[in-house]
Amino acid sequence: MRLFWILRTGLFSLLLPLVLTAQTEVPKDGVPAQAEQAAPDKRKTLSSLLLTRESLRKELDEQRQRLREETSETGKQEAQAEIERLEKRRQEVERDFNVMVTGRDSLVDLSAQKEAQAPMKLQDEIGQLLTPIFSDLREMTRKPQEIQTLRQALDVQRAQLQQAERALAEVENLLANMKADSAEANPSLVAELTASRENWRERRDEVANRVEVMAYELGTLEAASGNFWSELGSQVTDFIFVRGANIALAVLAFLVVLFGLRGAYYYALKIVPVKKYQKLSFSSRVLDVVHEGVSLVLAVGAALLVLYARGDWLLGGLALFAVGAMLMTAKSGIARHMKDLQMMLNLGQVREGERVYIDGVPWRVGAIHMFTQLTNLVIGGPGLRIPLDMLSTMTSRPSGLDEPWFPCAKRSYILLDGTLFAQVADITPDRVELLHGGGLKRWMPIGDFMQADVSCLSGGFARSMTLGLDYKHQAEALSVIPETLKADVRRVLLEKMREEELVNVIVEFDQAADSSLNFLIVGVFAGTQAPNFPSLTRLLQRAALESATRHGWNIPFPQMVLHRAEE
């Protein structure tokens with residue numbers, strides 16, 4: 001935030017002189033017209049400064065003599081305060097004289113050298129690494145800031161000069177009026193006004209000298225700084241050809257070291273196949289994590305070394321500042337990332353190769369990284385990709401070799417809730433597409449599908465019915481009729497399907513009801529007959545009725561042929 005404030009202040013300082021310069025006519029030699037018009041006579045100004053300095057020295061001698069002779073504490077304090085004020089004014093006059101004689105740049109350089117040689121405090125040693133950043137930024141905006149500050153101070157001095165001239169004019173006007181009316185003139189008042197006129201003249205001369213010195217100093221600075229756009233262009237050119245090259249070399253060193261180390265690690269694992277051995281899986285994971293961290297640290301170190309070798313302390317300081325900020329962020333969030341690190345080391349509550357459940361659907365956990373791929377053998381496709389923070393909220397368990405992954409497969413026939421017959425047209429991680437009779441398609445969310453009662457017919461199924469015969473066939477009910485009925489039903493069914501599709505036919509005496517002798521007929525079919533599931537019950541009824549009619553078995557009225565629920 002502080003760096004952003006410095007950049008914003010520097011940009012404002014660069015743009016402000018442009019706006020102010022636009023209001024001042026600049027001749028071809030680069031010196032503003034206003035400064036050229038106000039340029040004073042240098043010898044006259046130096047003579048005036050010497051007179052002012054001598055006057056201040058006399059006043060200082062008088063105040064020091066007063067301080068020695070004063071007996072009261074109040075008088076001594078007033079004399080001491082006056083001495084300090086006069087000494088401060090004398091130092092300003094000395095500085096203005098030196099500026100007019102030797103120029104301003106030499107004084108600025110000497111003060112900067114003195115400041116640089118000053119010993120640093122112990123608590124400032126840590127900030128020494130960041131000093132080049134602020135030094136370069138301050139140097140880029142130093143001259144515009146100095147020009148702006150000097151212009152503001154010059155405006156203040158000019159306002160004080162105008163105030164002194166107005167006050168002097170008022171005093172002289174009063175004296176002129178009193179001299180014109182000499183009859184009513186008060187000698188003491190005239191003497192006081194005369195002393196006040198002398199004081200204001202001295203004050204005016206001091207301020208006028210100060211204005212002349214500051215105008216000369218401002219003109220020198222503006223002439224030395226040159227045009228704003230040329231200065232800006234030189235800075236942009238320096239950034240592109242110097243700092244731009246340094247940035248490119250640092251980024252290149254970072255990429256070369258990072259990808260070079262990771263490429264060497266990849267090919268080293270091909271030569272030494274550590275990951276093929278299950279017992280070393282944990283060691284290989286630790287090696288992966290350590291390698292990623294070490295390669296990143298070495299890449300950052302290589303970039304910093306390039307900046308150090310190029311002598312670019314500004315970019316080096318910024319890079320160190322960014323690395324320090326990232327380290328502080330990592331330090332504050334290390335506890336939160338410990339759980340993620342355990343997951344990546346395969347030590348968390350979710351392990352690779354085990355199964356987790358999402359919306360009731362089992363998924364196999366792939367390689368655990370920042371994003372983990374979950375797959376299902378039945379659903380197929382890419383599966384699900386979930387982030388590490390979501391995976392850490394789950395719990396996996398080992399999966400058996402013959403444990404199913406879904407209630408049914410694609411293109412299989414099922415029964416929903418025991419009655420609704422459908423074919424599974426497609427299965428995705430989001431929904432199941434069902435195909436009903438007549439070509440009707442239905443999409444069902446996979447969570448709702450897993451909660452429903454799903455019976456898959458692809459593995460085989462059975463259809464059954466009950467046939468009731470008259471009691472006059474009681475003698476044949478336990479031997480002749482079951483065998484004969486079984487043979488007839490099997491023959492009729494084999495006319496509609498292959499022999500391997502008819503697994504078995506079961507005919508047994510079921511019960512002696514009130515009005516009939518009931519026989520249970522069961523047909524067991526292979527999964528290939530699942531498309532004919534609705535019509536197989538009707539086929540069993542037809543075969544039973546044909547057998548009863550051919551052998552003369554009576555079906556008592558109103559006894560009907562019944563079918564039972566499918567098994």
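**Figure 1. Strand β3 and its partner strands in the predicted model.** Four bridges link β3 to strand β4, residues 384–387, and the two strands run antiparallel. One position in this pairing is Q373, whose bridge partner in β4 is R385. Strand β3 also pairs with strand β2 (residues 361–365): two bridges join them, again in an antiparallel arrangement. Here V365 has L374 of β3 as its bridge partner. The connection from β2 to β3 is a hairpin of five residues. In a regular strand, side chains alternate between the two faces of the sheet. Strand β3, residues 371–375, has a covered face formed by T372 and L374, while F371, Q373 and T375 make up the uncovered face. The structure shown in this and the following figures is a predicted model.

**Figure 2. The five-stranded open sheet.** The strands of this sheet follow the order β8-β7-β6-β5-β9, and their pairing is antiparallel. Strands β8 (441–445) and β9 (454–456) stand at the edges; each has a single partner strand, so one side of each is left without a neighbour in the sheet. On average, neighbouring strands of this sheet are turned by 40° against each other, direction ignored. Within the sheet, β5 is joined by four bridges to strand β6 (residues 420–427), and these two strands run antiparallel. The bridge partner of L416 in β6 is L420.

**Figure 3. The three-stranded open sheet and the helices packed on it.** Three strands, in the order β10-β12-β11, form an open sheet with antiparallel pairing. Strands β10 (461–469) and β11 (502–512) occupy the edges; because each has a single partner strand, one side of each is left without a neighbour in the sheet. From one strand to the next, the twist averages 20°. Nine bridges connect β10 with strand β12, residues 517–525, and the two run antiparallel. Across this pairing, M465 stands opposite I521 in β12. Helix α15 (residues 480–494) packs on the sheet and touches β10, β11 and β12. The direction of α15 makes about 145° with that of β11. Helix α16 (residues 533–550) also packs on the sheet, where it touches β10 and β12. The direction of α16 makes about 30° with that of β10.

**Figure 4. The largest nonpolar core and a second, separate core.** In soluble globular proteins, nonpolar side chains tend to be buried together. The largest nonpolar core of this model has 30 residues, and those with the most contacts inside it are L485, V489, L493 and I521. Two or more residues are contributed to this core by each of β5 (413–416), β10, α15, β11, β12 and α16. Helix α16 supplies the largest share, with seven residues. Leaving aside neighbours within four places in sequence, L485 is in contact with L467, V507, I521, A544, S547 and W553. A second, separate core has 25 residues, among them M343, I386, M394 and I446.

**Figure 5. Two buried polar residues in helices: T52 and N246.** Residue T52 lies in helix α3, which spans residues 42–69. T52 counts as buried because its relative accessibility is 11%, below the limit of 20%. The side chain of T52 makes a polar contact with the side chain of N209, at 3.4 Å. Apart from neighbours within four places in sequence, T52 is in contact with V93, E206 and N209. Residue N246 is located in helix α9, residues 228–271. N246 is buried as well, with a relative accessible area of 2%. Beyond four places in sequence, N246 is in contact with L307, R310, D312 and L315.

**Figure 6. Confidence of the prediction along the chain.** The pLDDT of the protein averages 77, and 75% of the residues score at least 70. Over residues 105–118 the pLDDT is below 50, and this stretch has five contacts in the model beyond near neighbours in sequence. Residues 559–567 also have pLDDT under 50; for these residues the model has 28 contacts beyond four places in sequence. Where pLDDT is low, the predicted coordinates should not be read in detail.

Key
Residues numbered from 1 in each chain as written. Predicted model: local features only at pLDDT ≥ 70, side-chain atom pairs only at ≥ 80, totals over all residues. Heavy atoms only, no water. Pairing = 2+ DSSP bridges. Axes fitted to C-alpha atoms, helices over the stretch in contact; angles between N-to-C directions. Contact = heavy atoms within 4.5 Å. Buried < 20%, exposed > 50% of the residue type's maximum accessible area, 1.4 Å probe, protein only. Polar contact = N/O pair within 3.5 Å; in protein donor to acceptor, adjacent residues only side chain to side chain. pLDDT = per-residue confidence, 0-100. Core = buried A, V, L, I, M, F, W, Y, C linked by side-chain atoms within 4.5 Å.
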